[in-house]
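Subject: Structure for you to look at, with notes

Dear colleague,

I am passing on the structure we spoke about, together with some notes on what turned up in it. Please have it open beside you as you read.

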Amino acid sequence: VDSKDNNTIINTKHNSLGSIYFHPTENAVYYRKNDNGKSQVYMQSLEDGNITFVMEAPKDMNHYSFSNDGNTIIYGINIEGEKNKDGVKRLDGMEDRWPSWRNQTNLYHYNVTTGIHTQLTAGNLSTSLHDINNDGSKIIVSQSTRDYEVRPYSNQIMMEINLKDFTVDTLWNDPFGGSAQYSPDGKSLLVTGSATMFDGAGRN
């Protein structure tokens, strides 16, 4: 809707939409729709309303993000933890009391130009996406591991994945985690977190 005169700019033939955002390079929006057991991403022009299919992923896709150049999508797939089948549950740590703790998220890379999906992470640790650099060639992700001997009883592993050769560079492995995002030129990171990070670098 145009905020100046309340005229409708576009509407869409799809219903039950989610995760609607402006496209980074086109005068368009993109959104997610679940259909026939799949998650589908579409782009709709704000000029003529034309709808373009972009990507299809499993229905368990829990988030997705475009790179600023519009050529890369990073998305997460939720993997449900194994259910207990014999009526007896063996707790794998204190957090295992939480109903969804055994669920995890694996990240995938989708090349919009070639249509190729590539799995980026696996294993028994969930991976969170923090940022994608401007040209879509690198991403920052994190995982969390437990350490009951030292407060706050977990470590954050922050990593940079090069999407050209899929090499991984560990940025830090620290008990007090934070978040990170790329600068516009991709040469530095903006990090926010506890003052205790980096051996108390933020303490007065």
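How many positive and how many negative side chains does the chain have, and how far apart do the centres of the two sets lie? The chain carries 18 positive side chains and 25 negative ones, and the centres of these two sets are 7 Å apart. Please keep in mind throughout that this is a predicted model.

**The chain as a whole**

The secondary structure consists of one helix and 14 strands, and the C-alpha atoms fill a box of roughly 60 × 50 × 40 Å along the principal axes. Of the 204 residues in the chain, 35% are buried, while the chain exposes about 12,600 Å², of which carbon and sulfur atoms supply 46%. If one takes the contacts between residues at least 6 apart in sequence, 33% of them join residues that are at least 24 apart.

**Salt bridges**

Side chains of opposite charge can pair when their charged atoms come close. The structure holds two salt bridges. In one of them Lys 33 pairs with Asp 35, with 3.9 Å between the closest N and O atoms; here Lys 33 counts as buried, at 11% relative accessibility, whereas Asp 35 counts as partly exposed, at 29%. The other salt bridge joins the side chains of Lys 59 and Asp 60, with an N to O distance of 3.4 Å, and Asp 60 is partly exposed, with a relative accessible area of 34%.

**Backbone points to check**

Most residues other than glycine have a negative phi, and most peptide bonds are trans. Against that background, three places may be worth a look on your screen. The peptide bond from Arg 151 to Pro 152 is cis, with omega near 5 degrees, and Pro 152 sits in the loop between β10 (138–146) and β11 (154–162). Tyr 153 lies in the loop between β10 and β11 as well, and although Tyr 153 is not a glycine, its phi is positive, at about 75 degrees. Asn 36, again not a glycine, has a positive phi of about 55 degrees; this residue is placed in the loop between β2 (28–35) and β3 (38–45), where Asn 36 counts as exposed because its relative accessibility is 72%, and the cut-off for that class is over 50%.

**A nonpolar patch on the surface**

Which residues form a nonpolar patch on the surface? They are Met 94, Tyr 148 and Tyr 153, which together have about 320 Å² of accessible area. Met 94 comes from the loop between β6 (72–79) and β7 (104–111), while Tyr 153, whose positive phi was noted above, counts as partly exposed, at 43% relative accessibility.

**Three residues and their surroundings**

Phe 22 belongs to strand β1 (residues 17–22), and with a relative accessible area of 64% Phe 22 is exposed. Leaving out neighbours within four places in sequence, Phe 22 is in contact with Ala 28, Val 29, Tyr 30 and Leu 46. Phe 22 and Asn 155 are 133 residues apart along the chain, and their C-alpha atoms are separated by 35 Å.

Phe 53, which is found in strand β4 (residues 51–58), counts as partly exposed, at 44% relative accessibility. Residues up to four places away in sequence aside, Phe 53 touches Gln 40, Val 41 and Tyr 42. Between Phe 53 and Lys 33 there are 11 Å from C-alpha to C-alpha, the two being 20 residues apart in sequence; Lys 33 is the buried partner described above.

Asp 69 lies in the loop between β5 (61–66) and β6, and counts as partly exposed, at 25% relative accessibility. What does Asp 69 touch, if residues up to four places away in sequence are not counted? The residues it touches are Thr 25, Asn 134, Asp 135 and Gly 136. Asp 69 and Tyr 30 stand 39 residues apart in sequence and 14 Å apart in space, C-alpha to C-alpha, and Tyr 30 has already appeared among the contacts of Phe 22.

With best wishes

Terms used: Residues numbered from 1 in each chain as written. Predicted model: local features only at pLDDT ≥ 70, side-chain atom pairs only at ≥ 80, totals over all residues. Heavy atoms only, no water. Helix = DSSP H or I, 4+ residues; strand = E, 2+ residues; numbered from the N terminus. Buried < 20%, exposed > 50% of the residue type's maximum accessible area, 1.4 Å probe, protein only. Contact = heavy atoms within 4.5 Å. Areas by Shrake-Rupley, 256 points an atom, 1.4 Å probe, with all protein chains shown as cover. Lys, Arg positive; Asp, Glu negative; His and termini not counted. Charge placed at Lys NZ, Arg CZ, Asp CG, Glu CD. Salt bridge = Lys/Arg side-chain N within 4 Å of Asp/Glu carboxyl O. Patch = residues over 30% accessible without salt bridge, like charges linked within 9 Å, V, L, I, M, F, W, Y side chains within 5 Å.
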